[in-house]
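User: I'm new to this structure and would like to learn how to read it. Could you walk me through a few features?

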Amino acid sequence: MKLNLTQKLILSHLVSGEPKAGNPIVISVDQTLTQDSTGTMCYLQLEALGVDKVVTKRSVAYIDHNTLQSGFENADDHAYIQSVALSHGVFVSKPGNGICHQVHLERFGVPGYTLVGSDSHTPTGGGIGMLAIGAGGLDVALAMAKGTLNLTMPEVIGIKLTGALKPNATAKDLILEVLRILSVKGGVGKIVEYFGDGVKSLSVPERATVTNMGAELGATTSVFPSDTRTKAFLRAQGRESDFVSLCADSGASYDRIIEIDLSEIEPLAAAPHMPDNVVTVSELAGKKVDQVCIGSCTDSSLLTMLKVAAVLKGKRVNPDVSLTISPGSKQVLTMLSKCGALKDILDSGARILECACGPCIGMGQSPKTNAVSLRTFNRNFYARSGTKSASVFLVSPLTAAYSAIAGVITVPPEDAPIDVKMPTRFDINDNLILNPADFTDIAIERGPNIKPFPIGEKLSGSIEKTVTIKVGDNITTDDIMPSNAKLLPYRSNIPYLSSFCLSTVDEHFAERTEALGGGIIVGGENYGQGSSREHAALAPLQLGIRAAIVKSIARIHRDNLINSGILPLVFDNPSDYDGIEQGDVLLIADPVEAVNCGKAKIENKTKGRAFTASLNVNDRQKDILKAGGTINYMKSASPNVK
C-alpha cells in the first residue's frame, strides 16, 4: 500500500485505534512544548495529575509571550513555570531566548517525531517533517504525563507544488493563497501535506512559515517532507544526527489534491479582519501606512530578517511610519549583529523589539486610532492589535519592508536584487536554555496571582439555562478570552480573568451570566477558531456556562470545552440558530442521555419550540463530559490525581 507522509507518521506512532478518517486514535508523543501564556495553567494541571516526572523524550517550557513585566504577575508566573518545569524534568527556555516555535525548530525539532504544544502554531514543526499538533494545556499536560495524545484521525489534503517563487513572492504569499482557496475553516478535521517538485525550492524557514500559518486554516497540522534542505538546516544547527529522510510514497493518495504553481503566486495580503480575506497587494497599492511590524513566529527567521535588512539597507523608513522588527530568537539577533545586517536595519530608522511574541499577541505596539498597520504575523482578528479602530493587514516581509520605506502599501519589485542564502553554520549558544539534569531539590514558587482553576460538575439532572449571548460566525478565542498586555498577566487567575470573557463582543456578558447563575452560549460557524488558549473554555466554566450550541466549532476549542465539562453542541438544522435570541431559556431535560446517544433534544421554553443538536464525541469524550471534565475523569481513574 502506498502511503502519504501523514499516514507514515501516524502509523509509526499509533498506540490504538484504526487510522481511518473520523476514527478516534491514540498516538505516542515524543516531544511537548508550552509557553507562558498557556503554561501556568498547563503546569497547574500537570501537578493536579500527580506526576513526578514527564515521560516524553523532550519537553520544553518557553517564556516568550508575557515578557512585559509592568507588575509582579508576569515575573511570578515565570518563576513558577521555571521551578515547576525543572522539577518535572522539563527544559526551560528563558525570556530573551526567543519565540517557542522558532527556537524549537532551531534547537529541538526532529524529523519524524511527534510534537504536541499548548500553542495553536505548534504545527510550525511540520516544516522539518514533524507531526506537530497544537492542543489545549490540559491535553499537553496529559501528553507529558502519559506520553500519548487522543486524536480524531483527520483527512489528508495534499497540496502539490510545482515551479518556484518569483523574487518578489514569498512563503507568506503561498500560505495566503492556500487560505484564499480553503478559508479559515477549510482545514478543520484535516492535515495539510505538501509534496511535489516545488517543495525542493523552499528552504526550511520558508516551509515553517507555511506550516505555522496552516493553523489559520483550522487544520490539525501541516507537514513537509524531510529532505536535503532539512538535512542542510540541521547540519547548520549542529544537529545533523537528528536528520532522517521522510517523504510520501510515489503515487500515494490523498482525500483531496490542490495543485499550486509557485511561479504564478503574486504578493498577497489578508485584509481586515480575517486571515482568509485575501487580496492582491496591487489592489491595495498606494494606501497610506501608519505602522509596519515585522516578526512573530510566522516570519522572524534569520533568512527573513536578512531579506528585510537587504531591502532597508541605505534607505530610510518613511517619517510617517513606525517600523518595528522582532527577531525570532537570540540566535537570529546575534547573527544579524555579527554580519552587519542589524546595523542596516537600525540605520533605516527601524525599532528593534525583544525576541518575543510582542505585538503579535497584543503585547505592546498597539497602533494609533484608525491606523493602517501592516504586519507579517499570522492573525489580524478584530482588536487583536489592541486598537479596535485599526485596520490590520497581513503581508509578506518584503511587502512590509518596501511599504515602510514608501509610506504607502507597495508591491515589491519583481527585479528586486535580493540574493540571500541560508548560512552553512548557525551561531549556537544555548546559555538561556536550562537543562533539568543540572538542577536538584527545586522549590516550586507560587506567586499570589496564581489561583486554583475551575473544575466542572458531574453531569446529572437537567440543564435549564438562559442564552446569555448569541454570536455570529468565526468567533475567535481572542473574542471569547481576549489576550492583551492588560489581561495576559492574569492567565493564572481565572476568577479575575473571567470578568473579561467575551468583552470585545459584549462588555456586559460576564456580569449578566454571573447574575443569571450561568447560561448557554449560542454561536454560528467556526466558533472558537484561533488560539489554543483553554482560558476560552475555563473562563466560561468559571461563569457557569454549561453548553455552547453552534453551527460548527473549531477542533482545539471543542476539545477544550470537553476537557472543562462544557457540552459542545452543533445544530442538526443550522436554521434553528435563527429561532433563538439572547434571553431565551433553553432546557436539556436529560443531558446524560444526550451525551450517551450523541444527540440532545432541546426545548426553547421562551419560544415554545424544540430542536435537536449533536454531540460529535467518542466514547472516551462521553465519559469525560459525564464526569464533568477531564480532571474529574482522571480522578475517577487514578487515586493519584489531586
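Analyst: Let's go through it feature by feature, starting with strands and ending with single residues. Keep in mind that this is a predicted model.

User: Let's begin with strands. How do β9 and β10 run, parallel or antiparallel, and how many bridges join them?

Analyst: To read a pair of strands, look at their directions and then at who sits across from whom. Here β9 (residues 155-162) and β10 (residues 190-195) run parallel, joined by six bridges. For one concrete pair, find Gly158 and look across to Glu193 in β10. To get from β9 to β10, the chain passes through helix α6 (residues 171-182), and this β-α-β crossover is right-handed.

User: Which strand does β10 pair with over three bridges?

Analyst: That's β11 (residues 221-223), in the parallel sense. Val192 has Ser222 of β11 as its bridge partner. The chain goes from β10 to β11 by way of helix α7 (residues 204-213), in a right-handed β-α-β crossover.

User: Where can I see antiparallel pairing?

Analyst: Go to β26 (residues 599-604). Strand β25 (residues 585-588) is joined to β26 by three bridges, and the two run antiparallel; Ile588 stands opposite Ile602 there. β26 also pairs with β27 (residues 609-614), antiparallel again, over six bridges, and Asn604 has Arg609 as its bridge partner in β27.

User: How many residues lie between β26 and β27 in their hairpin?

Analyst: Four, and one to look for in the turn is Gly608, with a positive phi of about 70°.

User: Which residues of β26 are on its covered face, and which on its uncovered one?

Analyst: A strand can be read by its two faces. In β26, Ala600, Ile602 and Asn604 make up the covered face, while Lys599, Lys601 and Glu603 make up the uncovered one. So Ile602, which we met opposite Ile588, is on the covered face.

User: Now the inside. Which residues touch the most other members of the largest nonpolar core?

Analyst: For a core, ask who belongs to it and who has the most partners. This one has 73 residues, and Tyr43 and Tyr527 are the ones touching the most other members. Helix α5 (residues 137-146) supplies the largest share, seven residues. Setting aside sequence neighbours within four places, the contacts of Tyr527 include Val471, Ile480, Ala548 and His557. Apart from this core there is another, of 56 residues, with Leu33 and Val321 among them.

User: What about a single residue, like His535? Is it buried or exposed?

Analyst: Check its accessibility, then its surroundings. His535 counts as buried because its relative accessibility is 0%. His535 lies in helix α17 (residues 535-543), and its side chain reaches the backbone oxygen of Arg491 at 2.7 Å. Beyond neighbours within four places in sequence, His535 is also in contact with residues including Ser37, Met41 and Leu497.

User: And for contrast, is Asp415 buried or exposed?

Analyst: Asp415 counts as exposed, because its relative accessibility is 64%. Look for Asp415 in the loop between α13 (397-406) and β20 (433-434).

User: How many disulfides are there?

Analyst: Zero, in a search of the whole structure. Sulfur distances are what to check, with a cut-off of 2.5 Å. The sulfur of Cys360 has its closest cysteine sulfur in Cys297, but they are 5.9 Å apart and therefore too far for a bond. For Cys339, the closest one is in Cys355, at 14 Å, so that is too far as well.

User: Last topic: what backbone oddities should I look for?

Analyst: In general, most residues other than glycine have a negative phi, and most peptide bonds are trans. Ser296 has a positive phi of about 80° although it is not a glycine; Ser296 sits in the loop between β15 (291-294) and α10 (302-312) and, at 1% relative accessibility, counts as buried. Ala383 also has a positive phi, near 70°. Find Ala383 in the loop between β18 (372-375) and β19 (391-394); with a relative accessible area of 18%, Ala383 is buried.

User: Where is there a cis peptide bond?

Analyst: From Pro272 to His273, with omega near -5°. His273 is in the loop between β13 (268-270) and β14 (278-280).

Definitions and conventions: Residues numbered from 1 in each chain as written. Heavy atoms only, no water. Buried < 20%, exposed > 50% of the residue type's maximum accessible area, 1.4 Å probe, protein only. Polar contact = N/O pair within 3.5 Å; in protein donor to acceptor, adjacent residues only side chain to side chain. Contact = heavy atoms within 4.5 Å. Pairing = 2+ DSSP bridges. Right-handed = clockwise from strand over helix to strand, strands pointing away. Core = buried A, V, L, I, M, F, W, Y, C linked by side-chain atoms within 4.5 Å.
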